[in-house]
Amino acid sequence: MASFGNAFSSSIGKKLIMGITGLFLISFLLVHCFINSLIFVNDGGLTFNVGAHFMATNWLIRAMEVVLMAGLLAHIIQGLRLVFQNQAARPVKYAVTNGAANSKWYSRSMGLLGTILLIFLVVHLSDFWVVSRFTGIPTHDTAGHEDLYAVMIVRFQTPWVVAIYVLAMISLAYHLLHGFASAFQTLGWNHKKYTPIIKAAGVWFSIIISILFAAMPVAIYTGLIK
Amino acid sequence: MSTGNMNLTLKIWRQKNTKTNGKLVDYKLSEISPDMSFLEMFDVLNEQLISKGDEPVVFDHDCREGICGACSMFINGRPHGPKEGITTCQLHMRSFKDGDTIVVEPWRAKAFPVIKDLTVDRTAFDRVIAAGGFISVNTGNAQDANSLPIPKVQADSAFEAAACIGCGACVATCKNASAMLFVSAKISQLAQLPQGQPERYRRVQSMVAQMDAEGFGNCTNTGACEAECPKGISLENIARMNRDFLSAKFVSEEDI
């Protein structure tokens with residue numbers, strides 16, 4: 001009987017899982033960033049709360065939330081396994097290495113950047129996701145929607161919280177700077193015409209997404225958004 | 001015989017055999033000519049060690065023309081030393097300065113155990129080739145040059161992949177000790193030519209399985225291998241290998 005054999009446990013299969021889940025998480029970032037950017041309308045959160053209400057109640061979004069958690073877990077678990085396996089592939093380390101001569105530091109530090117993001121996610125999910133899904137949002141805005149915006153405003157009055165978010169977004173930028181184009185290479189999508197476009201898109205995506213996300217806590221803390 | 005004026009401090013990995021632990025040992029060398037190759041500098045050192053009754057440093061070398069892939073030193077944190085597109089035998093002492101300290105280590109990977117000093121066992125590469133890096137037909141006499149038309153672009157790309165000399169610099173420099181650049185080159189040189197087609201999807205599965213069994217790490221696309229490869233083997237080959245492997249696993253109905 002024909003089977004997929006070692007398709008997923010092989011070295012290329014493990015990369016495939018990282019690449020596909022990575023691209024899926026990128027698509028999530030795009031949606032998340034778009035909805036959150038509604039705070040920049042700066043209307044006391046009325047528009048943002050409509051977006052948040054939609055995300056919390058739409059059945060397709062809720063179903064995708066389960067897929068998202070599965071994808072995120074797969075990315076984290078597989079990523080950590082790869083880090084340990086790859087370290088084991090060189091039991092005796094070099095006394096001197098000069099990685100800067102042949103590769104980017106963030107390409108060599110995906111495990112570290114990912115771990116920073118994982119720690120950030122614990123903070124971030126308990127800040128907002130747990131509140132909106134489980135413990136409940138305490139107040140409603142003037143249009144009658146649950147006021148997630150108010151929760152944000154309160155949270156980002158604390159300087160160290162803002163600092164954690166900004167640092168995490170710097171990590172995200174570098175993680176994506178490698179990960180975006182790398183995912184396509186892993187899937188075998190290397191092409192003389194498309195690869196330069198993918199690489200450029202990856203750079204722009206990493207920078208724009210990270211700046212937009214980081215601008216949210218900063219704008220709230222500095223009072224630009226009330 | 002040395003007539004130069006360079007004074008150097010070498011820190012060289014000395015290891016008796018696979019089972020014992022090694023360590024870096026300091027050696028002072030004087031009157032080294034900048035026109036010597038790196039291996040000739042090692043010859044001078046070994047002459048001195050032998051005349052003192054010490055054990056000479058064991059290192060791999062063969063053609064000393066940059067085409068065989070035997071030499072394999074990790075010099076100051078880089079395979080084949082500081083220059084690009086060359087093997088250690090083509091590195092000359094003019095690439096260093098008088099008074100420099102040079103650290104020389106063997107390739108380090110679980111799949112490349114140290115045999116002695118700077119020599120490592122690279123037969124893992126041979127076993128990967130033996131797993132599928134061939135075509136199982138009797139080719140017979142040389143055919144007419146144009147009996148099998150191959151587009152120029154494809155022929156060039158296959159030839160560039162075939163330039164791999166199997167030195168192992170890609171494994172040595174990869175932070176994951178991954179052999180994907182080597183294996184993908186050996187797959188690509190056949191996958192792009194008509195003679196390689198019948199076994200194309202079998203080959204990629206067998207060779208990747210052997211590569212994994214040897215204990216090489218997993219590629220994370222840092223690009224270090226491509227940058228350090230003395231023959232300029234491209235990352236495009238790794239993408240081609242991934243493509244062929246995934247097609248073989250998810251499209252082909254044949255089990256390997």
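Buried residues make up 45% of the 256 residues in chain B of this predicted model. In chain A, 30% of the 226 residues count as buried. The C-alpha atoms of chain B fill a box of roughly 65 × 40 × 35 Å along the principal axes. For chain A, the corresponding box is roughly 60 × 50 × 35 Å. Contacts over long stretches of sequence were counted for each chain. Among contacts in chain B between residues at least 6 apart in sequence, 71% join residues at least 24 apart. The value for such contacts in chain A is 76%.

Chain B contains eight helices and seven strands. Five strands of chain B form an open sheet with mixed pairing, in the order β2-β1-β5-β3-β4. The edge positions belong to β2 (23–32) and β4 (78–79) of chain B. Each has a single partner strand, so one side of each is left without a neighbour in the sheet. In general, strands of a sheet pair through backbone hydrogen bonds, in either the parallel or the antiparallel sense. Both senses occur in this sheet, whose pairing is mixed.

The pairings were then followed across the sheet. β1(B) and β2(B) run antiparallel and are joined by eight bridges. Within this pair, B:K11 has B:D26 in β2(B) as its bridge partner. On β5(B), the pairing with β1(B) is parallel and spans four bridges. Here B:I12 stands opposite B:V104 of β5(B). Strand β3 of chain B, residues 74–75, pairs with β5(B) in the antiparallel sense over two bridges. B:I75 also stands opposite B:V104 in β5(B). B:V104 therefore faces B:I12 and B:I75.Helix α1 of chain B, residues 38–51, packs on the sheet. This helix touches β1 (6–14) and β2 of chain B. The direction of α1(B) makes about 100° with that of β2(B). Strand β2(B) is nonetheless hardly covered. One of its 10 residues counts as buried.

The two chains meet through 43 residues of chain B and 40 residues of chain A. On chain B, four elements each supply at least two residues to the side that touches chain A: β5 (101–105), α6 (200–213), α7 (224–228) and α8 (236–250). Helix α8(B) gives the most, with nine residues. By type, the residues on this side of chain B divide into 18 nonpolar, 12 polar and 13 charged. Strand β5(B) thus appears in two settings: it pairs with β1(B) within the sheet, and it supplies residues to the side that touches chain A.

Chain A has eight helices and zero strands. From the N terminus on, its elements run α-α-α-α-α-α-α-α. Helix α8 of chain A spans residues 195–221, a total of 27 residues. From its first C-alpha to its last, α8(A) reaches 39 Å, close to the 39 Å expected at 1.5 Å a residue. The helix bends by about 30° at A:A215. A proline, A:P217, follows within four residues of that position. After α8(A) comes A:G223, whose phi is positive, near 85°.

Several residues of α8(A) are buried, including A:G202, A:S206, A:I209, A:S210 and A:F213. Toward the end of the helix, A:M216, A:P217, A:I220 and A:Y221 are buried too. An α-helix has 3.6 residues a turn, so residues three or four places apart point the same way. The cover over the buried residues of α8(A) includes α1 (11–36), α6 (148–155) and α7 (159–186) of chain A. A:P217 is one of these buried residues, and this proline also follows the bend at A:A215.

One residue of helix α1 of chain A, A:I17, was examined individually. A:I17 is partly exposed, because 19 other C-beta atoms lie within 10 Å. A residue needs 20 or more such atoms to count as buried. Leaving aside residues up to four places away in sequence, A:I17 touches A:F8, A:A74 and A:Q78. A:I17 and A:F205 are 188 residues apart in sequence. In space, the C-alpha atoms of A:I17 and A:F205 lie 21 Å apart.

Methods: Residues numbered from 1 in each chain as written. Chains lettered and ligands numbered in written order. Predicted model: local features only at pLDDT ≥ 70, side-chain atom pairs only at ≥ 80, totals over all residues. Expected span 1.5 Å × (residues − 1). Bend = angle between axes of the 7 residues up to and from the residue. Buried ≥ 20, exposed ≤ 12 C-beta atoms within 10 Å, placed from the backbone. Contact = placed C-beta atoms within 7 Å. Nonpolar A, V, L, I, M, F, W, Y, C, P; charged D, E, K, R; others polar. Pairing = 2+ DSSP bridges. Axes fitted to C-alpha atoms, helices over the stretch in contact; angles between N-to-C directions.
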